[in-house]
Amino acid sequence: MELSIDRLTKHYGRKIAVDRVSATLTPGVYGLLGANGAGKTTLMRMLCAILEPTSGEVRLDGKEIAAMGEDYRDVLGYLPQDFGYYPTYTAAEFLSYIAALKGIPRDRADRRVKELLGMLDLSAVADKKIKTFSGGMKQRVGIAQALLNDPQVLILDEPTSGLDPKERVRLRNLLSEYAGDKIVILSTHIVSDVEAIADVVLVMNAGRFIMQGTVSELAEQVRGKVWELTVPREQARFWQEDFTVANYRHEGEQVVLRIISDEKPSDEAVPCEPILDDAYLYQFGAKEA
Amino acid sequence: MKDEKLEAFLRRRLGGEVMSGRPEETVELCRRIVGERAASVRPRQSFWGFLSDVFHFEGIPLLLSQSVVFIAACLTALSSPTGHYELPMYMPLFILAVMPVFFKGQRYRVSEVEAATRTSGAQLTLARLVLAGGGALVCLTFLLALKLYLQRSCENLGRMVVYCLVPYLTCMTAMLALLRRSRKSAAPLCMAIALGSVVFWRLSSYLFPWLYEASALGVWVAAVLFYSWLLAKEITYIIHANKEVNMYGIVD
């Protein structure tokens, strides 16, 4: 299976939200990383065929998704950024409703709904109205509805927002397990989520992919540019003003700064192992990121 | 295998399992894989099966709200057994009654999820349209039957039918046109059109008494034909939108 994106572009009047983006996606987990307004949601909506591109096309196994119609939607699972729900429906009812829209026969839908409620730890609240749920529980209902039809292409826009750390870890494991022979695309601005599960990271800025590669490949790009420097607490502000500081850790009266810089910032600075966060901050700078 | 491209493709897909020296076995392996894939394809739900599912979730509120309008129309008919000027006034109310179901995806921000499902916003709208139209047809039939019973005559049946159809078709076409244009302001606009129609038809017998004279029947019939044509165009658009990946409905 191959999802190819060819010079996909979206304009809103004069504003370019997505600018000639191209990529070829094969089964695996893809992390779409970028600041708010980078064009992630617009791109995902076009990949879901719910937003018409200004130009360019998306093909699944060589067939243009615009021409595939319900055959494409049949293999698609989508969690939008702003996941809405019907407040009068219980979790089980809402999932059954979406299963009906996905064309799953009722007996199969009932089994799948139960299975997903269990998988996402919602069985105990299956018959409670969604409006009574916490943000994390609502988000899990959203993830469950995306998985109902066992999609070959799963697109999740900010799936970890509203989830507590335990839930985030569970979701990461679930997605890693689910991916297998499927294409999973998830967007986030939380680098650690992508770092943990993405096979390939696509970094977006101003509607374009500015970096793409595996986590280690991207981290490798900033090798020799990440430094640790221990300074007195009162000097920390000076370093933050002049350099991109990725981390700030107190150690007694001293502060250990993780600085990203092309040049060695000080004779006392020691090089350290780069991570994806560093590559991201190197591209965007601490303030923009 | 003579076709090198095919062999390369199979090698890439099947790895070491391609046996270029034994084409029969490779063909058999491909057959098995294709068969497994075909078996895993889910049977498609027919439109009528889907309609039954939509009725399961949305049928009751849809029919209940139309029943309320129907009862109000029946009470008016009972209070004025011989007049039929009040009939057009109730027809936009049938549209107003079903509006919450048509616009609920937008109101609760579920339309994006609905649009990405196999049935899409278009087929969902079509199913709702069938249910709402069916409900309205039943209500209208009983309402006209009641009027005929009260009048003890079938003389004005044709006139009463067109009096009901024109405002109903006008408002239904307006609602579908607004949904097609995918504007966020569609719901309030649709509500304004339906309420405006109620007021217009309520006053029409005072403002335009000639409209209810027998000689004006041609105007009504022409209006029925015109709005039926517009409605048919909207429905055709929905059917085409469902077959392709065309956006239909409102996605915020």
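**Figure 1. Strands E1 and E2 of chain A, seen where A:Ile5 stands opposite A:Ala23 of E2(A).** In this predicted model, strand E1, residues 3-12 of chain A, is joined to E2(A) by seven bridges, and the two strands pair in the antiparallel sense. They belong to an open sheet of four strands, whose order in chain A is E2-E1-E4-E5 and whose pairing is antiparallel. At the edges of this sheet are E2 and strand E5 (63-64) of chain A, each of which pairs on one side only. Helix H1(A) packs on the sheet, where it touches E1, E2 and E4 of chain A, and its direction makes about 55 degrees with that of E2(A).

**Figure 2. Helix H1 of chain A and its enclosed setting.** Helix H1 covers residues 40-47 of chain A, and because eight of its eight residues are buried, the helix is largely enclosed by the rest of the structure. The buried residues, in the order in which they follow one another, are A:Lys40, A:Thr41, A:Thr42, A:Leu43, A:Met44, A:Arg45, A:Met46 and A:Leu47. After H1(A) comes A:Ala49, a residue with a positive phi, near 60 degrees.

**Figure 3. Two residues of chain A, A:Arg20 and A:Ala49, that have a positive phi without being glycines.** A:Arg20 has a phi of about 45 degrees, a positive value, although it is not a glycine, and this residue lies in strand E2, which comprises residues 15-25 of chain A. Since 14 C-beta neighbours are found inside 10 Å of A:Arg20, this residue counts as partly exposed. A:Ala49, which is likewise not a glycine, has a positive phi of about 60 degrees, and its place is in the loop between H1 and strand E4 (55-60) of chain A. A:Ala49 has 24 C-beta neighbours inside 10 Å and therefore counts as buried.

**Figure 4. Strand E3 of chain A with its parallel partners E8(A) and E9(A).** Six of the seven residues of strand E3, which takes in residues 28-34 of chain A, are buried, so this strand is largely enclosed by the rest of the structure. E3(A) pairs in the parallel sense with strand E8 (residues 183-188) of chain A, over six bridges, and within this pairing A:Val29 stands opposite A:Val184 in E8(A). Strand E9 (residues 200-205) of chain A also runs parallel to E3(A), and five bridges join the two. Here A:Leu33 is the residue that stands opposite A:Val203 in E9(A).

**Figure 5. The surroundings of A:Gly31, a residue of strand E3 of chain A.** With 24 other C-beta atoms within 10 Å, A:Gly31 is buried, because 20 or more are enough for a residue to be counted in this way. When its neighbours within four places in sequence are left aside, A:Gly31 is in contact with A:Leu186, A:Thr188, A:Val194, A:Ala198, A:Val201 and A:Leu202. A:Thr214 is 183 residues apart from A:Gly31 in sequence, while in space the two are 9.6 Å apart, C-alpha to C-alpha.

**Figure 6. The packing of helices H4 and H5 of chain A.** Two packed helices are described by the angle between their axes and by the distance between those axes. Helix H4 (residues 91-101) and helix H5 (residues 106-119) of chain A pack at an angle of about 130 degrees, and their axes are 10 Å apart. H4(A) and H5(A) are therefore oblique to each other, and their crossing is right-handed. On the side of H4(A) the contact is made by A:Ala91, A:Ala92, A:Leu95, A:Ser96, A:Ala99 and A:Ala100, and on the side of H5(A) by A:Ala109, A:Arg112, A:Val113, A:Leu116 and A:Leu117. Sorted by character, the residues of this contact of H4(A) with H5(A) divide into nine nonpolar, one polar and one charged.

**Figure 7. Chain A as a whole, with its 11 helices and 14 strands, as a setting for the close-up views.** The C-alpha trace of chain A spans about 70 × 45 × 35 Å along its principal axes. Of the 289 residues in chain A, 45% are buried. Among the contacts in chain A with a separation of 6 or more, 68% are accounted for by residues 24 or more positions apart.

Definitions and conventions. Residues numbered from 1 in each chain as written. Chains lettered and ligands numbered in written order. Predicted model: local features only at pLDDT ≥ 70, side-chain atom pairs only at ≥ 80, totals over all residues. Buried ≥ 20, exposed ≤ 12 C-beta atoms within 10 Å, placed from the backbone. Axes fitted to C-alpha atoms, helices over the stretch in contact; angles between N-to-C directions. Parallel < 35°, antiparallel > 145°, perpendicular 65-115°, else oblique. Left-handed = near helix turned anticlockwise from the far one by under 90°. Contact = placed C-beta atoms within 7 Å. Nonpolar A, V, L, I, M, F, W, Y, C, P; charged D, E, K, R; others polar. Pairing = 2+ DSSP bridges.
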